Amino acid sequence: MERVDVVVVGFRCAGAPLAVALREAGVRVLVVDGDPLFSDQPISTHAIQPYGMKMLDKVGLGDVVRELAPHNSAFRFQVEDSYLQIELDGETLDSRSPRRCKLDPALQRAVLARGVEARGETRVIGLLRDGERVTGVRVRGPEGEYEIGAGLVVGADGRNSTIAKLVEAPAYLESSGDNGLYWSYFEKNELFDRDPRYRWGACIHIEGGDARAVFQTDSDLLLMAGGGPRERVAQWRSDPSAGLMRHLRSGGLTAPLVEGSRMIGDPVGLLSLKCFMKRAVGPGWALVGDSGLHIDPTPGLGISDAVRDAIALAEAIVADSEAAMNLYWRRRDADSVGLYYFASDMSSPDYNNPFTRMLFDRGQDDPVVKQRMYAMMARELHPQDMLPPSRVLRWLGSETLRGNLAPWGGLGRTMRLRTLIDRQQGVLDRALDRAERGIVDDSLPNLLN
Ligand SMILES: Cc1cc2nc3c(=O)[nH]c(=O)nc-3n(C[C@H](O)[C@H](O)[C@H](O)COP(=O)(O)OP(=O)(O)OC[C@H]3O[C@@H](n4cnc5c(N)ncnc54)[C@H](O)[C@@H]3O)c2cc1C
């Protein structure tokens, strides 16, 4: 039987950087993916945030992305007319959005050129075991079924991960979104480059209970997405093009952009989304990317975090100890729980309220808050710590003096969420602290009490 040190299952945003980092550290690594090599990943939009570009640079893959798509001049989160925007210079702060049909093949080609061995159309159908320990995979590929022995099997196989199912990786955070969305590509309307309303490269816009997104992508195309409550979006199923067009035509920012612009390709949609955080390591196995941590994609950090965790896992594998693997798991959790809730909250129907809009209006003009927003996007600050409570109270006070009491309405909801996040952050920080001291603790974090 063929034997390697590590089998990586999945060859996209998590698997490709992991494989190249391992290969260059001298680990014998083999990648298998059920999809053909150089194929599209259709169920994902593709805004790569500055943090993701930094992570890609760390494994020498940033320039691969830069060659595919222009940089975004800003990234905007907008609720009605209120917005928070980070300005991007394309160098120290760089964000790009190449379509996955370009991004994934380019990443794969780049890592193959650096010596990684990968087999497409090769699906894992079972695990080899020695007692509790996973010792390899059984695959079905173009040459038939065969076994590959490995010191470690890594599931980089996405949100419906086969590896997570086979090892029965338990989830200790789970939720499902209430929204559906469809998106497609459009010829770039010339308004996009000259109208001051579009002085950004990527924008997520919430209006009423609806969401719309516009990303400048490669080949002079714009990605435009539309979403809202699942029951309503599900009605587009019979004619997604008509449903998406109607939705974009009724959006303040998207209506002018779709006028006279041809839709390129059929819309792609997603009507249900399960989010989770799962155990990331076990005897002979590990999970990386969406397979172990799936966060609502609204803030557009899935690709960034997949690369971050791929790098961290490669370091742990090279360190070759149980303590290092445990540390990889615990750090992923402590770094992600705030974003997990922040992202779900952004897609919740109650997010669009006077309190949120006040935070956006005030925050956009506040240099300290803007600075903290940059730090949050760079993952140096947890999302829940972005707004200093003293600032928020001051803003509420000044709205009250102007006779505007509406923002107080959203405060209770935000405080409840903050209390929940703080409690869970505490549990995960303590687990991380033990891991940093080299204590290998196998227990699942108890996030319920
Ligand atoms: C609607 C939506 C929009 C999104 N938008 C953004 C965005 O704008 N920006 C952003 O950063 N992130 C976004 N994301 C998140 C992003 O798509 C993911 O975080 C990222 O793709 C995770 O990469 P991955 O490598 O872990 O998994 P995947 O990209 O899912 O790749 C998994 C691979 O594993 C392979 N595989 C699965 N099972 C097997 C098996 N049994 N054997 C062999 N191979 C197998 C699959 O064929 C696939 O190639 C979005 C997600 C969704 C759902």
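These legends describe close-up views of a predicted model.

**View 1. The chain is divided into three parts, domain 1, domain 2 and domain 3.**
Domain 1 is pieced together from residues 2-73, 85-175 and 274-336. Domain 2 covers 179-270, and domain 3 covers 343-436. The centres of domain 2 and domain 3, taken over C-alpha atoms, are 28 Å apart. Their contact takes 5 residues from domain 2 and 4 residues from domain 3. What kinds of residue does domain 2 bring to the side that touches domain 3? There are 2 nonpolar and 3 polar residues, and no charged ones.

**View 2. An open sheet holds 7 strands with mixed pairing.**
Read across the sheet, the order is β4-β3-β11-β12-β13-β10-β14. β4 (82-87) and β14 (263-270) stand at the edges. Each has a single partner strand, so one side of each has no neighbour in the sheet. Neighbouring strands are turned by 10 degrees against each other on average, direction ignored. Strands in a sheet pair through backbone hydrogen bonds, and the pairing can be parallel or antiparallel.

**View 3. Strand β10 meets the edge strand β14, with helix α8 packed on the sheet.**
β10 spans residues 179-187 and runs antiparallel to β14. The two are joined by 5 bridges. In one pair, Tyr 185 has Ile 264 of β14 as its bridge partner. Helix α8 (residues 240-249) touches β10, β12 (210-216), β13 (221-229) and β14. The direction of α8 makes about 95 degrees with that of β14.

**View 4. Helix α12 lies across strands β3 and β4.**
The helix takes in residues 354-364. β3 covers 74-79. α12 runs at about 40 degrees to β4.

**View 5. Strand β8 pairs with β1, β7 and β17.**
β8 is made of residues 144-155. β1 (residues 2-9) runs parallel to β8, with 7 bridges between them. Here Val 8 is the bridge partner of Val 154. β7 (residues 133-141) pairs with β8 in the antiparallel sense, over 6 bridges. In this pairing, Val 137 stands opposite Ile 148. β7 and β8 form a hairpin, with 2 residues between them. β17 (residues 285-287) runs parallel to β8 and is joined to β8 by 3 bridges. Gly 155 has Leu 287 of β17 as its bridge partner.

**View 6. Leu 18 belongs to the largest nonpolar core.**
This core has 131 residues. Which of them touch the most other members? They are Leu 18, Val 154 and Leu 313. Helix α11 (residues 322-346) gives the largest share of the core, 12 residues. Leave aside the neighbours of Leu 18 within four places in sequence. Leu 18 is then in contact with Val 8, Val 154, Ala 156, Val 288, Ala 310, Leu 313 and Ala 314. Two of these, Val 8 and Val 154, are also the bridge partners shown in View 5.

**View 7. An open sheet of 3 strands has helix α11 packed on it.**
The order is β9-β15-β18, and the pairing is antiparallel. β9 (171-176) and β18 (293-294) stand at the edges. Each has a single partner strand, so one side of each is left without a neighbour in the sheet. β15 (residues 274-278) is joined to β18 by 2 bridges. Across this pair, Met 277 stands opposite Leu 293. α11 touches β9, β15 and β18, and its direction makes about 165 degrees with that of β15.

**View 8. Helix α2 has buried residues that pack against three other helices, α3, α10 and α13.**
α2 runs over residues 50-58. Its buried residues are Pro 50, Tyr 51, Gly 52, Met 53, Met 55 and Leu 56. They pack against α3 (62-66), α10 (302-319) and α13 (367-377). Just after α2, Gly 60 takes a positive phi of about 70 degrees.

**View 9. Phe 38 and Arg 379 have positive phi values.**
Most residues other than glycine have a negative phi. Phe 38 has a phi near 65 degrees, and Arg 379 has one of about 60 degrees. Phe 38 lies in the loop between β2 (29-32) and α2. Arg 379 is in the loop between α13 and α14 (389-401). Are these two residues buried or partly exposed? Phe 38 has 14 other C-beta atoms within 10 Å, so Phe 38 is partly exposed. Arg 379 has 22 C-beta neighbours inside 10 Å, so Arg 379 counts as buried. The cut-off for buried is 20 or more.

How values were computed
Residues numbered from 1 in each chain as written. Predicted model: local features only at pLDDT ≥ 70, side-chain atom pairs only at ≥ 80, totals over all residues. Pairing = 2+ DSSP bridges. Helix = DSSP H or I, 4+ residues; strand = E, 2+ residues; numbered from the N terminus. Axes fitted to C-alpha atoms, helices over the stretch in contact; angles between N-to-C directions. Contact = placed C-beta atoms within 7 Å. Core = buried A, V, L, I, M, F, W, Y, C linked by C-beta atoms within 7 Å. Buried ≥ 20, exposed ≤ 12 C-beta atoms within 10 Å, placed from the backbone. Domains from an automatic or database assignment. Nonpolar A, V, L, I, M, F, W, Y, C, P; charged D, E, K, R; others polar.
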